[in-house]
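Here are some short exercises to work through with the structure open beside you. Try each task before reading its solution.

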Amino acid sequence: MDTNNTGKETLFSPGCEPVVDNEERRRLLWLMAEYFRTIGCTDIKARLPGFMPPPILSGTIEDHRPDFTCRQSDSARTPIILEIVTPGMVEDPTTENRWSLLSSAAKLYNAELHFVVPKWAPRGAVDPVLKRRLARMELTANRVWTV
C-alpha cells in the first residue's frame, strides 16, 4: 500500500488535498456542502472528493483557493465564499493573508464571505475568538457559522 502523498494525489482531485488531509476541516466542509445543496444553492464547488474545486484566487503576495463557493438561490444568485476554520487555525498568523484575499475577492465579486467554526472546542468557543481576530484585521464576515 502506498502511504506517501503521491498516492493521495491520484485519489483526490487537485485542490482538495489540504482539506481532505485534515479530518476536522473535511467533516465541517462536507456538512456545509450538503447544507447548501439541500437549500437549493447552485454552482457548488468544494475542496472535497466528488466536487469541482473552487478556482484559485490570485493575490499580490500569494494565491489561495477557497474551501467552498456556491451561488445562492436568491434572484441575484449571490455568490458565497466559505472558509472552514478549526481551533488551531483561528490565531494562526499564516491565515491573515489568506483571509484578506478571500475578503477582497468577496468585495470584488459582490459575494458573501462566510466562516465556519466548530460549535465546541477543548479551549472553549471558537466563534468569538474568530470574530475578534477578523475585527483586528478589519475584515467583515457576512456570517460565522457554528456547527
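**Exercise 1: Two cysteines**

C41 is buried, with a relative accessible area of 9%. Please keep in mind that this is a predicted model.

Task: Work out why C41 forms no bond with the closest cysteine sulfur.

Solution:
- Step 1. Find the partner candidate: the cysteine sulfur closest to that of C41 belongs to C70.
- Step 2. Take the separation of the two sulfur atoms, which is 4.0 Å.
- Step 3. Compare it with the cut-off: a disulfide needs the pair of sulfur atoms within 2.5 Å. At 4.0 Å, the sulfur of C70 is therefore too far from that of C41 for a bond.
- Step 4. Check from the other side: C70 is in no disulfide either, and its nearest cysteine sulfur is that of C41.
- Step 5. Count for the model: by this rule there are 0 disulfides.

Task: Is C70 buried or exposed?

Solution: Its relative accessibility is 3%. Buried means under 20%, so C70 counts as buried.

**Exercise 2: A loop residue**

Task: Place Q72 in the fold, then decide whether Q72 is buried or exposed.

Solution:
- Step 1. Locate the residue: Q72 sits in the loop that runs between strand 2 (68-71) and strand 3 (79-84).
- Step 2. Read its relative accessibility, 19%.
- Step 3. Apply the limit: since buried means under 20%, Q72 counts as buried.
- Step 4. Look at what surrounds it: setting aside neighbours within four places in sequence, Q72 contacts C41, R77, T78, P79, I80 and E112. The cysteine of the previous exercise, C41, is thus one of the contacts of Q72.

**Exercise 3: Two helices and a leucine**

Task: How do helix 4 and helix 5 pack, and which residues make the contact?

Solution:
- Step 1. Take the geometry: helix 4 (residues 95-108) packs on helix 5 at an angle of about 75°, and the axes are 11 Å apart.
- Step 2. Classify the angle: helix 4 is therefore roughly perpendicular to helix 5.
- Step 3. List the residues: helix 4 contributes T95, E96 and W99, while helix 5 contributes L130, R133 and L134.
- Step 4. Sort them by class: 3 are nonpolar, 1 is polar and 2 are charged.

Task: Describe the surroundings of L134.

Solution:
- Step 1. L134 lies in helix 5 (residues 127-136) and counts as buried, at 4% relative accessibility.
- Step 2. Not counting residues up to four places away in sequence, L134 touches W99, F115, L139 and A141.
- Step 3. Turn to V90, 44 residues from L134 along the chain: the C-alpha atoms of the two are separated by 9.6 Å.

How values were computed: Residues numbered from 1 in each chain as written. Predicted model: local features only at pLDDT ≥ 70, side-chain atom pairs only at ≥ 80, totals over all residues. Heavy atoms only, no water. Helix = DSSP H or I, 4+ residues; strand = E, 2+ residues; numbered from the N terminus. Buried < 20%, exposed > 50% of the residue type's maximum accessible area, 1.4 Å probe, protein only. Contact = heavy atoms within 4.5 Å. Axes fitted to C-alpha atoms, helices over the stretch in contact; angles between N-to-C directions. Parallel < 35°, antiparallel > 145°, perpendicular 65-115°, else oblique. Nonpolar A, V, L, I, M, F, W, Y, C, P; charged D, E, K, R; others polar.
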